[in-house]
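Reader: I am new to reading protein models. Could you take me through one and justify the words you use?

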Amino acid sequence: MTDIYQEDLIDEAKNPNNYGEMADPDLVSTQYNASCGDVITVSVKLSPDKLKIADIKWKGQGCVISQASMSVLSEKVKGLELEKLQKLTQKDVLQELGLDEISVGRVKCLLLGLNTIIKLVSK
Amino acid sequence: MLNTDNIIRNFPILTRVINGKKLVYLDNAATSQKPFSVVEAISSYYLNNNANVHRGVHTLSDESTTIFETSKIKIAKFFGAKNNELIFVRNTTEAINGVAYGWGEQNINSDDVILVSILDHHSNIVVWQELCKRKKARLIFVGITSDGKFDVNDFDAKLKKFAGKIKLVVFPHVSNALGSTIDLKIIVKKVRATEKVRVVEKTLRSKNIVSKSSGSKSDFKFDSKIRILVDGAQSAPHMKINFDNLDVDFFAFSGHKMLGPMGIGGLLVREELLITNEMRPWLFGGGMIAEVHESHTIFNDNLSERFVAGTPDVASVAGLAVACEYLENLGMENVLIHDHGLVQYALSELEKNKNVEIVGPKDETRTGSVSFIFKGVHAHDVAQVLDSEGIAVRSGHHCTMPLHTSQKWIATTRASFQVYNSKADIDALTDGLKKVAKIFL
Ligand SMILES: Cc1ncc(COP(=O)(O)O)c(C=O)c1O
């Protein structure tokens, strides 16, 4: 299972996209991974019609899987319709990361970011 | 130290190969492995003796009842408790809930204080948060020292500050996150001394009231008793417990952490609390009754049976008794020496790694486990790489989120030990950590 630690994955986690805070976000949400203490805060700016993600920033602390998946997700959802965003699944996140599968124990890490964003826009 | 070469042979699972490497199991604080004799006791019960207990006159029912009762006697004796004092539950969590429902519901009132430790496992925190919510009582945390030990000075201060209000004191005998070991004698002495002061005050007050004969009844209810609950989940696997000499009121443990099966554990309750009905059954139904009428029920006089509502898990009780026997044959003194030897060896080996920051006490009081932060790498990633080397450790906050939050630790990695672990397992761990550095740093 260490083959999940491809160099680009570790790089992605170490140099994440869209990392930081937003001056004037429309929505903010923080989620914890209850089993390991990982935490992710996502801030979002919506398009004027409120149907799309205009901009996204996030901050967090956690393992390579949770941080890298949040990083690739933040790229994917920028400009995306909320309706499409809400349909994203585990499979999409794996695909973005270039992984075929993940062990049961790491699913929560993988999905922390996705769950945070979906919860955020469902409010 | 124990002869682990011989012991390993009793644990078939330890021959497993994980990711091409021999399994090195260092997650014993989460759950221990089981010797063959325990598994055999369970399967033998189902293959040969299975029948309900206390309910039939046929031979199998008699056998099953005998197995249940002799096992119970063995387990109670292992813990230095009277047979009546042992209530079977599924695990430590259920034992603690039992104290909340069987004792707390009728003894905790609004404005009462429950003292809890920041070292406590979630199971010994959330249960009391919920009870305090129901009763409008207060939950007060006792802190730790800078080296991760139970802070006795803070405890003293809180005993004083909330004197007269404190009804219950709870803490872990051994912390599952930091291995910090609490000296029960010291804590019990402090609590009982507080009670004495209150008893004197109470006598003076009641005399005063009597002489004025204006006493409101409520003043007489002023109760000096403080009950003590010890979470023994992490001490029972490693040290001799002599419940009747401890002068604590409740002691909770899980069978699965002490070589026994999952699904069985115990709550030890000081007999006096059972006799006086201060502790009542919290589960009702068959087995625990003497008479049932349409209008009311009289509970079983037999204290031992009063707390067994419904069909018990006889096979697991039989398995747990064999686990106790197994530990007894090794000798609990030897088991503790073995554990302390491993802990000290792990501390000294891990300290050599400059990427490792050990959390918790480093002296000889540390029991059961060693936890650390690998600088720059999240605990989950550490554990995943170790798994690729066949090494099982735990990563995360180990169900001690308040502790981790208070110390600003995101997550820690924990190696925890049992009788079958050897220094070679710790060497495997330190080698595995080199691979972690290679991948991430
Ligand atoms: C100190 C402590 N208390 C309570 C528990 C809960 O034990 P169980 O899950 O068996 O109820 C644990 C288990 O991790 C523990 O380490």
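Author: What follows is a set of short questions and answers on this predicted model.

Reader: What makes chain B count as compact?

Author: Set its value against the rule. The radius of gyration of chain B is 24 Å. The globule rule gives 22 Å for 441 residues. The two are close, so chain B is as compact as a globular protein of that length. Along its principal axes, the C-alpha trace of chain B spans about 80 × 60 × 35 Å. Chain B has 16 helices and 17 strands.

Reader: How do you know what to expect for chain A?

Author: The reasoning is alike. A compact globule with 123 residues would have a radius of gyration near 14 Å. Chain A has 14 Å, which agrees. Its C-alpha atoms fill a box of roughly 45 × 25 × 25 Å along the principal axes.

Reader: What pattern does chain A follow along the sequence?

Author: The pattern reads α-β-β-β-α-α-α-α. That fits the count of five helices and three strands in chain A.

Reader: Which parts is chain B divided into?

Author: Domain 1 of chain B covers 4-30 + 332-440. Domain 2 of chain B covers 41-328. Their centres, taken over C-alpha atoms, are separated by 30 Å.

Reader: How do you know which residues of the two domains are in contact?

Author: The cut-off is heavy atoms within 4.5 Å. On that basis, domain 1 of chain B gives 35 residues and domain 2 of chain B gives 30 residues to the contact.

Reader: What is the buried area between the two domains?

Author: Domain 1 and domain 2 of chain B bury about 2600 Å² between them. Of that area, 60% is on carbon and sulfur atoms. On the side of domain 1, Met332(B), Thr367(B) and Leu403(B) lose the most area to domain 2. Together they make up 25% of what that side buries.

Reader: Why is the pair Asp363(B) and Lys149(B) called a salt bridge?

Author: The rule asks for a side-chain nitrogen of Lys or Arg within 4 Å of a carboxyl oxygen of Asp or Glu. In this pair the closest N and O atoms are 2.4 Å apart. That is within 4 Å, so the pair qualifies. The rule finds one salt bridge across the interface of the two domains of chain B. It also finds 16 residue pairs in polar contact there.

Reader: Which elements of domain 1 touch domain 2 in chain B?

Author: Helix H13 (332-351), strand S14 (369-374) and helix H15 (401-407) of chain B each give two or more residues. H15(B) gives the most, with six residues. By class, this side of domain 1 has 17 nonpolar, 14 polar and four charged residues.

Reader: How many residues does each chain give to the contact between chain A and chain B?

Author: Chain A gives 21 residues and chain B gives 14 residues. The two chains bury about 1400 Å² between them, 58% of it on carbon and sulfur atoms.

Reader: What makes Asp381(B) and Arg106(A) a salt bridge?

Author: Their N to O distance is 3.0 Å. The limit is 4 Å, so the pair passes. The rule finds one salt bridge across the interface of chain A and chain B. There are also six residue pairs in polar contact between the chains. On the side of chain A, helix H1 (7-14) and helix H2 (64-77) each give two or more residues. That side divides into eleven nonpolar, seven polar and three charged residues.

Reader: Why does the pair Asp26(A) and Lys45(A) count as a salt bridge?

Author: The N to O distance here is 3.8 Å. That is still within 4 Å, so the pair counts. The pair links distant parts of the chain, 19 residues apart. Asp26(A) is in the loop between H1 and strand S1 (27-32) of chain A, and Lys45(A) is in strand S2 of chain A. Over all chains, the count comes to 31 salt bridges.

Reader: What is the phi value of Lys50(A), and where is this residue?

Author: Phi of Lys50(A) is near 65°, a positive value in a residue other than glycine. Lys50(A) is in the loop between strand S2 (39-46) and strand S3 (53-61) of chain A.

Reader: Where is Lys408(B) found?

Author: Lys408(B) is in the loop between H15 and strand S17 (412-416) of chain B. Its phi is near 60°, a positive value in a residue other than glycine.

Conventions
Residues numbered from 1 in each chain as written. Chains lettered and ligands numbered in written order. Predicted model: local features only at pLDDT ≥ 70, side-chain atom pairs only at ≥ 80, totals over all residues. Heavy atoms only, no water. Domains from an automatic or database assignment. Buried area = accessible area lost by both parts, 1.4 Å probe. Polar contact = N/O pair within 3.5 Å; in protein donor to acceptor, adjacent residues only side chain to side chain. Helix = DSSP H or I, 4+ residues; strand = E, 2+ residues; numbered from the N terminus. Nonpolar A, V, L, I, M, F, W, Y, C, P; charged D, E, K, R; others polar. Rg over C-alpha atoms; globule rule 2.2 N^0.38 Å.
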